[in-house]
Amino acid sequence: MAKTVHIIGGGLAGLSAAVDLAARGVATVVHEATDQAGGRCRSYDDAQSGMRIDNGTHILLSGNTAALGFLDRIGATKLISGAPRARFPFSDLGLNRRWTLDLGAGRLPLWMFDRRRRAPDTRARDYLALARLMLPVPDRTLSKVLNCKGPAYEQVMRPLLLAALNTDPSEASSDLVRAVVQGSIAQGGGACRPYLAPHGLSAAFVEPAIAYLKNNRGVLYFSHQLRRLDATAGAVTGLDFGDGVVAVGPQDAVVLAIPPWAARSIIPELKAPDEFRAIVNAHFRITPPSGVEPMLGILNGTAEWIFFFDDRISATISGADRFMHHTKDELAGMIWRDVQRVADVPAELPPWQIVRERRATFAATPAQNAKRPGIGTAWRNLALAGDWTDTGLPATIESAVRSGTRAAAFVMQS
Ligand SMILES: Cc1cc2nc3c(=O)[nH]c(=O)nc-3n(C[C@H](O)[C@H](O)[C@H](O)COP(=O)(O)OP(=O)(O)OC[C@H]3O[C@@H](n4cnc5c(N)ncnc54)[C@H](O)[C@@H]3O)c2cc1C
């Protein structure tokens, strides 16, 4: 009999596994607990702001080859838009100055040696200190490897690494920081061009994946939450969704692509990250003034990145646990004041929404990194996937997609 692979979880890890398997001609069934796919990378219609908004603005870099490969396969490359150059304009609200980090296009880090292309008050050797990360030492906090102080750290390394790791970089895992640097700056500006999804995350990452699956023998069930696994003789034999058990035949396989806390409710003995960091996003329904850059880094403000789309202005705060006790009204006001300082917008708040994702990613610390499991499990036909599995990367789209691809390859051998 032909193989069927059940994929539990319709986030990007699950969709990536399903798309990979479908591309090999395997029958796939995605079971998603909620009424929509996308997980932590999704869009929804928001009544308060009157907009379709993303749970959070997501950035890809041109070096995210797995994520871009996934988009290419599902025919969605045209739904993201990439900056022509790896230029990152910043506005420092504390010192009231603007400057641009311009990483150029070449492999050599010539930008470090050009004061017009690096942060103010920094020297080339401040950035060359990153080379210390490349030494193969046991995983430890970044502050034990680099001096997490000074203008180059505060103005360049901290904001870029915080965005990638969603964890204060000084307490972050040096292994994960190394992986981020190796996949981006160490490859030159060509790997650091930012990509955004101006038409929304679901339009780019989710809807085309669903269409691809449906066109390639894929089936998707929504509001279908896995409650329990049935197993005998080292293999999963059934999937209990509460409304009935789906049989898993001897030739079939399962990819469990759900978040770590959900995976532990299914497999209590599973070792998995259990500390998380929040992300706050703000969305304002307003046409931005003309001439603004699509993406602006903010220093010494509340917002960390402000994005100017055609029909809205959005802002992101990573590692945002300190803001979980603020009301949404307070956050909207604080963030809008930052927007007012960097763009010619009215003082009055436009229609807005604040999205707080409390468990946006696992905390990218050495202790949490050590808790990430591999793909294989005690059951020969059950693979794990998710941005929190041991991909060597922080919890990002790239990590989720890679984990899905790995799980697909694993179950093909099972
Ligand atoms: C606000 C925010 C901003 C972010 N920004 C960026 C960014 O700029 N760049 C970047 O690369 N990454 C970013 N990320 C991270 C990125 O979104 C995640 O790494 C990625 O989406 C994780 O995908 P996943 O499939 O591993 O997990 P999830 O998206 O969590 O998917 C898991 C799915 O499993 C489902 N599920 C749970 N339990 C069950 C069950 N029992 N049965 C069936 N289904 C179940 C869930 O409903 C969910 O759909 C951001 C995340 C957030 C929250």
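**View A. R277 counts as buried, at 13% relative accessibility.** Buried here means under 20% relative accessible area, exposed means over 50%, and partly exposed lies in between (1.4 Å probe, protein chains only). The areas themselves come from the Shrake-Rupley method with a 1.4 Å probe, and for residues only the protein chains shown count as cover. The model is predicted: local features need pLDDT of at least 70, side-chain atom pairs count only at pLDDT 80 or more, and totals for chains, interfaces and linings use all residues. Residues are numbered from 1 along each chain as its sequence is written, and side-chain values use heavy atoms, with hydrogens and water left out. The partner of R277 in a salt bridge is E275, with the closest N and O atoms 3.0 Å apart. A salt bridge is a side-chain nitrogen of Lys or Arg within 4 Å of a carboxyl oxygen of Asp or Glu. E275 is partly exposed, at 33% relative accessible area. Elsewhere, shared partners join the salt bridges of D45, R52 and E207 into one network.

**View B. D45 and R52 pair through their side chains in a salt bridge.** The N to O distance is 3.3 Å. D45 is exposed, at 60% relative accessible area. R52 is partly exposed, at 41%. Side chains of opposite charge can pair when their charged atoms come close. The whole structure holds 20 salt bridges.

**View C. E357 and R42 form a salt bridge.** Their closest N and O atoms lie 3.3 Å apart. The link joins distant parts of the chain, 315 residues apart: E357 sits in strand β19 (residues 352-362), and R42 sits in the loop between β2 (27-31) and β3 (43-46). Helices (H or I, at least four residues) and strands (E, at least two) are DSSP runs, numbered from the N terminus. E357 is buried, at 16% relative accessibility. R42 is partly exposed, at 21%.

**View D. Helix α6 bends by about 30° at E207.** The bend is the angle between axes fitted to the seven residues ending at a residue and the seven starting there. A proline, P208, follows within four residues. The 15 residues of α6 (residues 201-215) should span 21 Å at 1.5 Å a residue, and the end C-alpha atoms are indeed 21 Å apart. The expected span is 1.5 Å times one less than the number of residues. Buried residues of α6 include L201, F205, P208 and Y212. Just after the helix, R217 has a positive phi of about 65°.

**View E. The ligand has 36 residues around it.** E32, R40, H58, I59 and D387 come nearest. A residue counts as near if one of its heavy atoms lies within 4 Å. A side-chain N or O atom of E32 is 2.6 Å from a ligand oxygen. A backbone N or O atom of L12 lies 3.1 Å from a ligand oxygen. For I397, a polar backbone atom is 2.8 Å from an oxygen of the ligand. Taken alone, the ligand exposes 1,000 Å², and the protein buries 92% of that. Elements giving two or more residues to the shell are α1 (12-23), β15 (276-284), β19 and α10 (397-413).

**View F. Helix α1 is mostly covered.** Eleven of its twelve residues are buried. Among them are L12, G14, V19 and D20. From first to last C-alpha, α1 reaches 16 Å, close to the 16 Å expected at 1.5 Å a residue.

**View G. Helix α8 (328-342) has an end-to-end C-alpha distance of 21 Å.** That agrees with the 21 Å expected for its 15 residues at 1.5 Å a residue. Buried residues of α8 include L331, M334, W336 and D338. P350 lies in the loop between α8 and β19. P350 is buried, at 10% relative accessible area. Its C-alpha is 8.5 Å from that of S49, 301 residues apart along the chain.

**View H. D35 lies in the loop between β2 and β3.** D35 is exposed, at 62% relative accessibility. The C-alpha atoms of D35 and T391 are separated by 28 Å, and the two residues are 356 residues apart along the chain.

Note on methods
Polar contact = N/O pair within 3.5 Å; in protein donor to acceptor, adjacent residues only side chain to side chain.
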